[in-house]
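Here is a short tour to read with the model open beside you. Take it one topic at a time, and feel free to pause on each residue as it comes up.

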Amino acid sequence: MAEIRIENLKKHFGDFVAVNDSTFTIENGEFFVMLGPSGCGKTTTLRMIAGLELPSEGRILLDGEDVTFNRASQRDIAFVFQLFALYPHMTVRRNISFPLRVQGMARREVRRRTEEVAKLLRIEHLLDRGVGGLAAGDRQRVALGRAIVRQAKAFLMDEPLGALDAEFRDLMCEELRLLHNRVGATTVYVTHDQIEAMSMADRICIMNKGEVLQIGAPMEVYARPATRFVAGFIGSPSMNFLEAEGGLPAGAREIRIPGARVPMPETREPLTSRNAVLGARPEHITIRDDGPLRGEVFAVEYMGARQMVTVDTPAGRLRVRAPNTVAVDYGENVGLAFDAERLVVFNAETDRSVASTLFEAPPVQGGAHG
Ligand code: ATP
């Protein structure tokens, strides 16, 4: 197990800046997810931690030791590629023990570790079977076993579930997280899928264009996004953004949007009429007769217990998550009310949040590293 510290890390490819001055610490035993759109610098950061890429500037510390210029093989970090790819002609035992055998480890030790991992994954009874006829769930456990058998200080995973279909990916996410809870090894996991990140991470690091925008527990980045980009990237469907009418003094508790005045959390800085943007998640808008913003229902999508209602208002088209007990119809004129404590206000020029919810994130399951 290890703590990984990144200090002022930069990576240029010619004139192009792939990673720009990242500084953060990945705690010992943490499941740390790096999330962002394609090309934002996640893989480059991971490859620098692994020792597969040399930083242009900055340092990488493993348990306090500077390993910036150490080779990958000297770092005792396991880089896990595709988790699901097994060797079809080998037994479960040979699949799991493969990384130890290529290291040239003594046979008795290989056997001991392989059996220990198989027990942890509840597949000891399958050790001498071929992987060909295994059920999907058992195959994924074998793949996990092969990934963790090395007992490295930390595991780095780059989109390991990328090629799986949705159902299998969900299963694998759950299995990975359960395994992490049992083994407790520091894990850095790269993905562009926010649902994967939200469901597995102790903390999420959100990147865009080479910059780290925010690091926090899933509930924290969801409830208190530091920037408009983070707010829009996390959550499905995305947060609604409404442009304000008129400026706001610092300390304002109300924002004017086309068609209504809406109470909001206190702003920390003054905003002009051009740069105030209100952010409201679909579940923080309620359909109510006395709601201050009026609009016409454009679409209703039933989703079992909930429904997603799209409403055209003078402030733009908004998506509202409502219980299925609310009766609404296409073309109907409805009132919308906003949950003031949950709203976020952004400065459109800096993209940063200047007023956010008072809502406190609950403790994180499986180890808090806030
Ligand atoms: P993806 O999920 O698409 O891999 P990412 O966030 O992991 O995205 P990186 O792979 O880290 O992004 O790449 C960041 C940027 O750096 C991209 O624009 C990429 O084209 C560029 N890049 C990465 N490696 C090299 C290289 N060896 N030479 C030149 N440019 C590179």
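**Salt bridges across the chain**

R253 and E341 form a salt bridge, with their closest N and O atoms 4.0 Å apart. This pair ties together distant parts of the chain: R253 lies in the loop between β11 (240–243) and β12 (254–257), while E341 lies in the loop between β19 (333–338) and β20 (344–347), 88 residues apart. Please keep in mind that this is a predicted model.

- R253 counts as partly exposed, because its relative accessibility is 43%.
- Its partner E341 is partly exposed too, with a relative accessible area of 30%.
- Elsewhere, R5, E7, R59 and D66 are joined into one network by salt bridges that share partners.
- In total, the structure holds 24 salt bridges.

**Two further pairs to look up**

- K10 makes a salt bridge with E57, and the closest N and O atoms of the two are 3.6 Å apart.
- That pair also links distant parts of the chain, since K10 sits in strand β1 (residues 4–13) and E57 in strand β4 (residues 57–62), 47 residues apart.
- E57 has a relative accessible area of 42%, so this residue is partly exposed.
- D63 and K153 meet through their side chains in a salt bridge, at 3.9 Å from N to O.
- Here the distant parts are two loops: D63 is in the one between β4 and β5 (65–66), and K153 is in the one between α4 (136–148) and β7 (154–158), 90 residues apart.
- Both partners fall in the partly exposed class: D63 has a relative accessible area of 40%, and K153 has a relative accessibility of 26%.
- As general background, side chains of opposite charge can pair when their charged atoms come close.

**Helix α3 and its two faces**

- Helix α3 (residues 107–120) is built from 14 residues. From first C-alpha to last, α3 reaches 20 Å, close to the 20 Å expected at 1.5 Å a residue.
- Which residues of α3 are buried? They are V110, R113, T114, V117 and A118.
- These buried residues lie on the same side of α3, because they cover an arc of only 135° around the axis.
- The cover over the buried residues of α3 includes α2 (92–102) and α4.
- On the face turned away from the buried side, α3 carries the exposed residues R108 and K119.
- After α3 comes R122, which has a positive phi, near 60°.

**T310, a buried strand residue**

- T310 belongs to strand β17 (residues 306–313).
- Is T310 buried or exposed? At 6% relative accessibility, T310 counts as buried, because the cut-off for that class is under 20%.
- Leaving aside residues up to four places away in sequence, T310 touches E296, V297, F298, A299, E301, R317, L318 and R319.

**The protein as a whole**

- The secondary structure comes to eight helices and 21 strands.
- Taken along the principal axes, the C-alpha atoms fill a box of roughly 75 × 45 × 35 Å.
- Of the 370 residues in the protein, 51% are buried.
- Among contacts between residues at least 6 apart in sequence, 65% join residues at least 24 apart.
- The protein exposes about 17100 Å², and carbon and sulfur atoms supply 49% of that area.

Terms used: Residues are numbered from 1 along each chain as its sequence is written. This is a predicted model: local features need pLDDT of at least 70, side-chain atom pairs count only at pLDDT 80 or more; totals for chains, interfaces and linings use all residues. Side-chain values use heavy atoms; hydrogens and water are left out. Helices (H or I, at least four residues) and strands (E, at least two) are DSSP runs, numbered from the N terminus. Buried means under 20% relative accessible area, exposed over 50%, partly exposed in between (1.4 Å probe, protein chains only). The expected span of a helix is 1.5 Å times one less than its number of residues. The arc is that of the directions from the helix axis to the C-beta atoms. Contact means heavy atoms within 4.5 Å. Accessible areas come from the Shrake-Rupley method with a 1.4 Å probe; for residues, only the protein chains shown count as cover.
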